[in-house]
Amino acid sequence: MSEKKQTGARARVQRFGSFLSGMIMPNIGAFIAWGIITALFIPDGYIPNEDLAEMVGPMITYLLPLLIGFTGGRLVHGLRGGVVGATATMGVIVGADIPMFLGAMLIGPLGGLAIKWVDKLFEGKIKSGFEMLINNFSAGIVGAILAMIGYYVIGPIMSGLTNILGSAVEALVNAGLLPLVNIFIEPAKILFLNNAINHGILSPIAVDQTQELGKSILFLLETNPGPGLGILLAFSIFGKGISRQTAPGAAIIHFFGGIHEIYFPYILSKPALILAAIAGGVTGTTTFVAFGVGLTATPSPGSIVALMPLTARGDHLGVIAGVLLATLASFIVASLILKFSKNDEEEDLNEATAKMEEMKGKKSSVSGQLNSQQEEQQEETQENAAQERNTDVVPSVDRSNVDKIIFACDAGMGSSAMGASLLKNKFKKAGIQIDVTNMAINDLPSDVDIVITHKDLTERAVQRVPNAHHISVDNFLNSPKYDELVNELKSE
């Protein structure tokens, strides 16, 4: 298979994981709320309360799947798609005897796609004055049909699939083989395939386990910050040049901020370090299994600050031990690799960062933390490239017509949030009163004035809102385009 085909296959899997993440991430707050209520009020919780514990069942059975179904439909066809997706999800919920997260992730987007097709079928064919009637009844009919399909077909199928996956996980736990799952999870994280694994498989099964046991170890498999922390600490002591200088700051961002992608370039600079990540992941999961610990909900982001509040009652010691031992294991293996590596000339960390971003398919905001010391050289390179890319030049902006600026990325939460925060600070210092926010590209409103995206996402943003001014940047944290925009708006 050619390298181009391999890259295409990986990109498709990454897009699939990104779509799954797009259904889950906006609803993480609801998952955490459910996890907190579960941890506090169930009979084995911190402060058992029979009345408040009655919320646990309805939330996991109805609220969370409906939110997922609505979000999935909305991603495909806006609010109409969301309404139909949620309606169809109700059929899946009633047609199964377990929480239908996988079913909602399937039928929600299907509902959005179905109503999108119907809307195209009637486009331009509805007589004036009958638009609302046709739109409402078409959505209602499609939703009703899909709800029945969900009840009789999708619900039972997904229920059986979930039971099979749950039994497989239980078999791994009983056989003491669950830690071996990290052999696949850790490399998948480096290749940005973790969303497909975490949100598509682990989380739905974990939520089902939580309903029965009050906790699940599966919430800890991908989110454990220990393996990455150990690698960054090893670079802080045995690394060379810029990698050694930047590793301590990256460790803080990773461990307390929960942004795991900050350590990916360090592994890509010396691929043998994937063994350190695997060693840390296997050690951490082994410790979690030995202590029999788990979390009550998905921690997001995967930082120690997010892990602790969601740890089940009495499990804090085991969770902390798992994180620390994972850190120690990855630190030891990474230190040996760095210290005794025959290759004394490490691959430049900035090149590894570029490799990471090429694999991800978009620029990473946190990578700016790694290469800020060579910002001037990067800016010069960016300026030369700008002459060859029309999309990389800040368009002329009329200050009097600019009321809303939006940073956009795939999920609208990570890199775009950091870029928006940075530009807000620059505007505040410059005395510019313009609304700056961040969101997913699919959610961009038609009335936005300026859209800022990474250069690999600009084409999608232009297709979404062609009438807006589009600014394409190479790095959300280090782009010189921010200062150009500030100066242009000030001059107006």
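Does Lys215 count as buried, partly exposed or exposed, and what is its relative accessibility: which value goes with which word? At 23% relative accessibility, Lys215 counts as partly exposed. Keep that residue in mind, as it returns in the second view. The model shown here is predicted.

**View 1. The whole protein: 19 helices and 4 strands.**
Before zooming in, take a look at the protein in full. Buried residues make up 51% of its 492 residues. The protein exposes about 22,500 Å², and carbon and sulfur atoms supply 60% of that area. Now consider the contacts between residues at least 6 apart in sequence: 73% of them join residues at least 24 apart.

**View 2. A salt bridge between Asp315 and Lys215.**
A search of the whole structure finds 4 salt bridges, and this is one of them. The side chains of Asp315 and Lys215 meet with N and O 2.9 Å apart. Asp315 sits in the loop between α13 (304-307) and α14 (316-340), while Lys215 sits in the loop between α7 (194-213) and α8 (218-221), so the pair ties together parts that are 100 residues apart in sequence. The two partners can be compared by their accessibility. Asp315 counts as buried because its relative accessibility is 7%, whereas Lys215, at 23%, counts as partly exposed.

**View 3. A salt bridge between Asp447 and Lys404.**
Here the closest N and O atoms are 3.2 Å apart. Lys404 belongs to strand β1 (residues 404-409) and Asp447 to the loop between β2 (435-440) and β3 (450-454), so this salt bridge ties together parts that are 43 residues apart in sequence. Asp447 is partly exposed, at 46% relative accessibility. Lys404 is partly exposed too, at 23%.

**View 4. A salt bridge between Lys426 and Asp483.**
In this pair, the closest N and O atoms lie 3.0 Å apart. Lys426 is in helix α17 (residues 415-430) and Asp483 is in helix α19 (residues 481-491); the pair links distant parts of the chain, 57 residues apart. Lys426 counts as partly exposed, with 25% relative accessibility. Asp483 is partly exposed as well, with a relative accessible area of 39%.

**View 5. The aromatic rings of Tyr151 and Tyr152.**
The structure holds 5 aromatic pairs. In this one, the ring centres of Tyr151 and Tyr152 are 4.9 Å apart and the planes stand at 85 degrees, so the pair is edge-to-face. Why does that angle give this name? Planes over 60 degrees apart count as edge-to-face. Tyr151 is partly exposed, with a relative accessible area of 37%, and Tyr152 is exposed, with 64%.

**View 6. The aromatic rings of Phe255 and Phe256.**
How far apart are the centres of these rings, and at what angle are their planes? The centres of Phe255 and Phe256 are 5.1 Å apart and the planes are at 80 degrees, so this pair is edge-to-face. Phe255 counts as buried, at 14% relative accessibility. Its partner Phe256 is partly exposed, with a relative accessible area of 48%.

**View 7. Thr38, a buried residue in helix α2.**
Thr38 is found in helix α2, which covers residues 28-41. With a relative accessibility of 2%, Thr38 counts as buried. Which residues is Thr38 in contact with, leaving aside its neighbours within four places in sequence? They are Val56, Thr210 and Gly214.

**View 8. An open sheet of 4 strands with parallel pairing.**
Strands of a sheet pair through backbone hydrogen bonds, either parallel or antiparallel. Across this sheet the strand order is β2-β1-β3-β4. At the edges stand β2 and β4 (469-473), each with a single partner strand, so one side of each is left without a neighbour in the sheet. From one strand to the next, the twist averages 25 degrees.

**View 9. Strands β3 and β4, with helix α19 packed on the sheet.**
The strands β3 and β4 run parallel and are joined by 5 bridges. Look for Val451, whose bridge partner in β4 is His470. Helix α19 packs on the sheet and touches β1, β3 and β4. The direction of α19 makes about 145 degrees with that of β4. Helix α19 is also home to Asp483, the partner of Lys426 in View 4.

Notes
Residues are numbered from 1 along each chain as its sequence is written. This is a predicted model: local features need pLDDT of at least 70, side-chain atom pairs count only at pLDDT 80 or more; totals for chains, interfaces and linings use all residues. Side-chain values use heavy atoms; hydrogens and water are left out. Helices (H or I, at least four residues) and strands (E, at least two) are DSSP runs, numbered from the N terminus. Buried means under 20% relative accessible area, exposed over 50%, partly exposed in between (1.4 Å probe, protein chains only). Contact means heavy atoms within 4.5 Å. Accessible areas come from the Shrake-Rupley method with a 1.4 Å probe; for residues, only the protein chains shown count as cover. Rings of Phe, Tyr and Trp (its six-membered ring) pair if their centres lie within 6.5 Å; planes under 30 degrees apart count as stacked, over 60 as edge-to-face and the rest as tilted. Two strands pair if DSSP finds at least two bridges between them. Axes are lines fitted to C-alpha atoms, for helices over the stretch in contact, and angles run from 0 to 180 degrees between N-to-C directions.
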